Amino acid sequence: MPSPKARSSAARSGSAPCAGGNGRYEFISLNRTPPPHLLQRQGSDPTAARLRASESPSRRRGSGSSTSSTGGQQLPEEDCMKLNPSIVGIALSSLLAIDLWLSKRLGVCACEDASWGSMRPLMKLVEISGHGIPWLAGAAYCLYKSDSAAGQEVMLNLLMALVLDLVLVGVMKAVVRRRRPAQNRMDMFATFSVDGYSFPSGHATRAAMCARFLLAHLVLAAPLRVLVLLWATFVGFSRVLLGRHHVTDVAFGFLMGYWQYNLVEMLWLSPAMLQSTIGQLQ
């Protein structure tokens, strides 16, 4: 039987008495390794018990907090939950979801097996009619064959507008880098490196700009003017039907083409101005 003095010293040292096999009490410290006969009696592994005994509660709490803190720093930003999303972010996400859903539903000519797959050859002809290469070749040919100064002036500025459209759309696509819809088939006519991107639609910008240009500088009868507007609208709508672009790509393309015509009017070139510029360069 231990004395009261031994009990008090054991309590102060943080030890607990334990009865041994011979009826005597043995003192085991919480910070020290238990005796081998106690480990064997409990049926535990000496190495694992020694490791458990060596870990204090404060150390386990510290390691847990450090792990959580380092783990929080290593998580990528997109995996973190945003508890307070902004109204603008919610609106943009909703608009993007609606755009993807509507573009997929309207891509009825994306392949031959689609619901309107039989109309795909006609849609591809409309696609070629709004391509940049036929327009550039036609404007250059008309400029070469034109005999009047007014005709040359109009064709020269149309050629400049087409080149400006290619540059601006190419820069915009390279900056935004939005991928084309998943249902798109890359069988387009005369593609370039930036044509792998979707935003904005180059056909839509070209159709809107050329429609405004022709209506402003060519004397056309009323039926022809309506036909030009229908052609521009059908070119943009065919981009969604073929699965080439999303709806927002075409909508922004129309707005961009409308604005590009204003820029062409600001940069309008006359034959006299062109000749003087060439003379100064020479």
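**Exercise 1. Find the residue with a positive phi that follows helix H10, and describe the helix that precedes it.**

*Solution.* Start just past the end of H10 in this predicted model. There you meet glycine 243, with a positive phi near 75°. Now step back into the helix. H10 covers residues 222-241, which makes 20 residues. From its first C-alpha to its last, H10 reaches 28 Å, close to the 28 Å expected at 1.5 Å a residue.

**Exercise 2. Which residues of H10 are buried, and what covers them?**

*Solution.* First apply the cut-off: buried means under 20% relative accessible area. In H10 that selects Val228, Ala232, Val235, Gly236, Ser238, Arg239, Val240 and Leu241. Next, look for what lies over these residues. The cover includes helix H5 (87-106), helix H6 (120-129), helix H9 (202-217) and H11. A handy reminder while you look at the helix: an α-helix has 3.6 residues a turn, so residues three or four places apart point the same way.

**Exercise 3. Work out how H10 and H11 are oriented, and list the residues that meet.**

*Solution.* Take the geometry to begin with. The axes of H10 and H11 are 8 Å apart, and the two helices pack at an angle of about 155°. Angles over 145 degrees count as roughly antiparallel, so H10 is roughly antiparallel to H11. The crossing of H10 with H11 is right-handed. Then go to the contact itself. From H10 come Ala232, Thr233, Gly236, Arg239 and Val240, and they meet Val247, Val250 and Phe254 of H11. Sorted by class, this contact has five nonpolar, two polar and one charged residues.

**Exercise 4. Repeat the analysis for H8 and H11.**

*Solution.* Helix H8 spans residues 149-176 and helix H11 spans residues 247-266. Their axes come within 10 Å and cross at roughly 135°. H8 and H11 are therefore oblique to each other. Their crossing is right-handed. On the H8 side, the contact holds Asn157, Met160, Ala161, Leu164, Asp165, Leu168, Val169 and Met172. Their partners in H11 are Phe252, Met256, Trp259, Gln260, Leu263 and Val264. The class count for this contact is 11 nonpolar, two polar and one charged.

**Exercise 5. Place these helices in the whole chain: how many helices and strands does the protein chain have, and what percentage of its residues count as buried?**

*Solution.* Count the elements: the protein chain has 12 helices and two strands. Along the sequence, they follow the pattern α-β-β-α-α-α-α-α-α-α-α-α-α-α. Then turn to burial, where 29% of the 282 residues count as buried. Finally, consider contacts between residues at least 6 apart in sequence: 66% of these join residues at least 24 apart.

Technical notes: Residues are numbered from 1 along each chain as its sequence is written. This is a predicted model: local features need pLDDT of at least 70, side-chain atom pairs count only at pLDDT 80 or more; totals for chains, interfaces and linings use all residues. Side-chain values use heavy atoms; hydrogens and water are left out. Axes are lines fitted to C-alpha atoms, for helices over the stretch in contact, and angles run from 0 to 180 degrees between N-to-C directions. Helices (H or I, at least four residues) and strands (E, at least two) are DSSP runs, numbered from the N terminus. Angles under 35 degrees count as roughly parallel, over 145 as roughly antiparallel, 65 to 115 as roughly perpendicular and the rest as oblique. A crossing is left-handed if the near helix is turned anticlockwise from the far one by less than a right angle, and right-handed if clockwise. Contact means heavy atoms within 4.5 Å. Ala, Val, Leu, Ile, Met, Phe, Trp, Tyr, Cys and Pro count as nonpolar, Asp, Glu, Lys and Arg as charged, and the others, Gly among them, as polar. The expected span of a helix is 1.5 Å times one less than its number of residues. Buried means under 20% relative accessible area, exposed over 50%, partly exposed in between (1.4 Å probe, protein chains only).
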